[in-house]
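Please study the structure shown below before attempting the exercises. Each task is followed by a solution worked out step by step.

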Amino acid sequence: MSSPVASAKPSADTATEQRGTVNGARWALAAALLGFFVMTLDALIVNVALPEIGRGFGGGMTGLQWVVDGYTLMFAALLLSAGSVTDRIGARQAFGAGLVVFTVASAACGFAPNLGVLVVARLVQGAGAAVIVPASLALIREAFPDPARRARAISVWAMGGSVGAAAGPVLGGVLSELSWRMIFFVNLPVGVLALFLLARTARSPRRGDAPFDWTGQIAAVAAMGGLTYAAIEAGAVGVGAPRVLLALGVAVLAAVVFVAAAQARGRNPMVPLELLRARTMALSATIGFALNVGFYGMIFLLGLYLQQEQDLSPMATGLAFLPMTLLTAVVSPTAARLAARFGPRMPIVTGQLLMAAGLVALCLPSASAPAWLLVVLMIPVGTGGGLAVPAVTSLLLDRVPAQRAGTASGVLNASRQLGGALSVAVFGALVSNHAQFLHGLRTSLLIAALLVVLTAAASVLLKEKSS
């Protein structure tokens, strides 16, 4: 009688362990999804509220650009080291730390007494978001070792960002009718819930105790910060102004230091050169950059245009973005199925061409065109991004070793956020002259469309197999 009991017990234990593993993976995915949702929500909820913030604090176009780019700049610059730190201290630990920083900084934004404090708090928010993104992807990489299940999980994760993108403009419009400060307080309950879900997952393993690459990180912040500052200030004082030229010089010098000192000769670089040299990594980062230039650049421009030029209320402006962002959320899960059936290049190339077509189409309506026409023409831009981004992300994570997942996702998302930051900086400069706003808007959209077409052409170089 003892033998059947002895043989049955391991089966029950194994079944319990498997259920625990499945539940842990679900909790990890839920936490990662909420983290990606809240940082995407925050990136887009601000755009619709910019005119209200400007009326409350002043500062003109330059000040409003920094409210957006303070967040995206730190996000982009710290993503590089955040991916490396995630690999070293563990995905769960890094994700939790990023959520805490982001949530506390959101409260500081809501209570900001002036524009300067708001921009500083946005910088801290960006630092927290920089940890959340690569850590969330690495958390999914750990929880779903099977490639097929991982691809589906990444699609769900991307859908969280798409839902955040859909909710952001609408919530921004609704809450701005009450107070622009509410757009930051809404992050608090979401951050707390994500931390609760994260507490139900297992602690992630550490992957090493290598020293932090301070030289590389400082150089990355200086390079991206100098470039963004130069682009913003050029719109206010001109390209030939001494401070603009100085900022460009700092950006170039810092980029050289990043590559030569921190990466080539450093013993513990935060981004190994062999990862950057990989064709899949380089192309994925370039594609991500172009997609964010098109998507976030368009939202920044049309958020201002609909309120300042067409006199729409913040709520009506937020609702104008809703059809595009909702369709983006619906399309994102489709990318994984298309990639599984036709290979990743199909949704990547198709998505970019759709986005480019939408950007060009938005240049065609006259100044007297009704707002509903712009709403319709925005749809291909969001749909294209919803197809391409999950496919690029999934392709990259399939091609890199597990121990480099955080670093690779950090590089990809740093490139994406840099694209968003530079689009706001450059396009904001092009529309800074109120009398020439429509001309600047069209020029900006055409620049974005051209960039996306170029990366779509380059996408044919992506291999279906490991490169």
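The following exercises concern a predicted model.

**Exercise 1.** Determine where Gln125 lies and whether Gln125 is buried or exposed.

*Solution.*
Step 1. Gln125 belongs to helix α4, which covers residues 115-143.
Step 2. The relative accessible area of Gln125 is 0%. A residue counts as buried under 20%, so Gln125 is buried.
Step 3. Leaving aside residues up to four places away in sequence, Gln125 touches Asp42, Tyr71, Phe102, Ala105, Ser106, Cys109, Phe184 and Asn187.

**Exercise 2.** Describe how helices α5 and α14 are arranged relative to each other.

*Solution.*
Step 1. Two packed helices are described by the angle between their axes and the distance between the axes.
Step 2. The axes of α5 (residues 147-178) and α14 (residues 371-399) come within 10 Å and cross at roughly 140°.
Step 3. Angles over 145 degrees count as roughly antiparallel, and 65 to 115 as roughly perpendicular; α5 and α14 are therefore oblique to each other.
Step 4. The crossing of α5 and α14 is right-handed.
Step 5. Arg150, Ala151, Ile154, Trp157 and Ala158 of α5 meet Pro390, Thr393, Ser394, Leu397 and Asp398 of α14 in this contact. These residues divide into 6 nonpolar, 2 polar and 2 charged.

**Exercise 3.** Compare the expected span of α14 with the distance between its end C-alpha atoms, and state how many of its residues are buried.

*Solution.*
Step 1. At 1.5 Å a residue, the 29 residues of α14 should span 42 Å.
Step 2. The end C-alpha atoms of α14 are 43 Å apart, which agrees.
Step 3. Of the 29 residues of α14, 21 are buried, so α14 is largely enclosed by the rest of the structure.

Conventions. Residues are numbered from 1 along each chain as its sequence is written. This is a predicted model: local features need pLDDT of at least 70, side-chain atom pairs count only at pLDDT 80 or more; totals for chains, interfaces and linings use all residues. Side-chain values use heavy atoms; hydrogens and water are left out. Helices (H or I, at least four residues) and strands (E, at least two) are DSSP runs, numbered from the N terminus. Buried means under 20% relative accessible area, exposed over 50%, partly exposed in between (1.4 Å probe, protein chains only). Contact means heavy atoms within 4.5 Å. Axes are lines fitted to C-alpha atoms, for helices over the stretch in contact, and angles run from 0 to 180 degrees between N-to-C directions. Angles under 35 degrees count as roughly parallel, over 145 as roughly antiparallel, 65 to 115 as roughly perpendicular and the rest as oblique. A crossing is left-handed if the near helix is turned anticlockwise from the far one by less than a right angle, and right-handed if clockwise. Ala, Val, Leu, Ile, Met, Phe, Trp, Tyr, Cys and Pro count as nonpolar, Asp, Glu, Lys and Arg as charged, and the others, Gly among them, as polar. The expected span of a helix is 1.5 Å times one less than its number of residues.
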